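Subject: Structure for your review

Hello,

Here is the structure I said I would pass on. My notes on what was found in it follow below.

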Amino acid sequence: MGTYGVHPGWEALGDPSRLAIVQRLAERPRAVGELADELPISRPAVSQHLKVLKGAGLVVDQAVGTRRVYRLSPVGLAALRDQLDTFWRRALDGYQDIVDETEESS
């Protein structure tokens, strides 16, 4: 867990280039060169962003010949979804509390 108990993937996705990489990897696995060809950033920059995404648990890589192919990590994405579901449940519970208080004071 990152700062304040939040998954580090949220911070990693805050960068537009990393978000663009994740969006492309959601379509299919890709090598660094493929990603660099599709994005307005250099190959070394793509590699750095992938390193951050991998450190946050959002991507995994596999050697395929002389290339490394990256794909989204189902485990990392599930952790983000679980946390988002928790946030959503808390928000709904908070709204329900307000409705209940309003009904009691009427």
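**The core and its surroundings**

Leu50 has a relative accessibility of 0%, so this residue counts as buried. Please keep in mind throughout that the model is predicted. Leu50 belongs to helix 4. Its C-alpha lies 8.4 Å from that of Val32, and the two residues are 18 positions apart in sequence.

Leu50 is also one of the residues with the most contacts inside the largest nonpolar core, a set of 19 residues. The others named for their contacts there are Ile21, Leu25, Leu35, Val46, Leu53 and Leu58. Two or more residues of this core come from each of helix 2 (16–27), helix 3 (32–38), helix 4 (43–55) and strand 3 (67–72). Helix 2 provides the largest share, with 4 residues. As background, nonpolar side chains tend to be buried together in soluble globular proteins.

His49 is found in helix 4 as well. With a relative accessibility of 14%, His49 falls under the 20% limit and therefore counts as buried. Between the C-alpha atoms of His49 and Gly33 the distance is 13 Å, for a separation of 16 residues in sequence.

**Salt bridges**

How many salt bridges does the structure hold? The count is 8. In general terms, side chains of opposite charge can pair when their charged atoms come close.

One of the bridges joins the side chains of Glu34 and Arg67, at 3.7 Å from N to O. Glu34 sits in helix 3 and Arg67 in strand 3, so this pair ties together parts that are 33 residues apart in sequence. Both ends are partly exposed: Glu34 has a relative accessibility of 24%, and Arg67 has 42%.

Asp61 takes part in two bridges. With Lys54 the N to O distance is 2.7 Å, and with Arg68 the N to O distance is 2.5 Å. Lys54 counts as partly exposed because its relative accessibility, 41%, lies between the 20% and 50% limits. Arg68 is likewise partly exposed, with a relative accessible area of 39%.

Elsewhere, Arg24, Glu27, Arg30 and Glu38 are joined into one network by salt bridges that share partners. Of these, Glu27 is found in helix 2. Its relative accessibility is 59%, and since the limit for exposed is over 50%, Glu27 counts as exposed. The C-alpha atoms of Glu27 and Arg71 are separated by 9.3 Å, while the two residues are 44 apart along the chain.

**Surface patches on helix 5**

Which residues gather in a patch of negative charge on the surface? They are Asp93, Asp97, Asp100, Glu101, Glu103 and Glu104. Glu101 lies in helix 5, which covers residues 74–105. This residue is exposed, with a relative accessible area of 53%.

A second patch is nonpolar: Trp88, Leu92, Tyr95 and Ile98 make up a surface area of about 470 Å². Leu92 lies in helix 5. Its relative accessible area is 40%, so Leu92 is partly exposed. Set beside Leu50, which is buried at 0%, Leu92 shows a leucine that is partly exposed.

**In brief**

For a first look at the model, these are the places I would list:

- the nonpolar core of 19 residues, with Leu50 among those with the most contacts inside it;
- the salt bridge between Glu34 and Arg67, which links helix 3 and strand 3;
- the salt bridges of Asp61, to Lys54 and to Arg68;
- the network of Arg24, Glu27, Arg30 and Glu38;
- the negative patch that includes Glu101, and the nonpolar patch that includes Leu92.

Regards

Definitions and conventions:
Residues are numbered from 1 along each chain as its sequence is written. This is a predicted model: local features need pLDDT of at least 70, side-chain atom pairs count only at pLDDT 80 or more; totals for chains, interfaces and linings use all residues. Side-chain values use heavy atoms; hydrogens and water are left out. Patches are made of residues with over 30% relative accessible area and no salt bridge: like charges are joined within 9 Å, nonpolar side chains (Val, Leu, Ile, Met, Phe, Trp, Tyr) within 5 Å. Accessible areas come from the Shrake-Rupley method with a 1.4 Å probe; for residues, only the protein chains shown count as cover. A salt bridge is a side-chain nitrogen of Lys or Arg within 4 Å of a carboxyl oxygen of Asp or Glu. Lys and Arg count as positive and Asp and Glu as negative; His and the chain ends are not counted. The place of a charge is taken as NZ of Lys, CZ of Arg, CG of Asp or CD of Glu. Buried means under 20% relative accessible area, exposed over 50%, partly exposed in between (1.4 Å probe, protein chains only). A nonpolar core is a set of buried Ala, Val, Leu, Ile, Met, Phe, Trp, Tyr and Cys residues joined through side-chain atoms within 4.5 Å.
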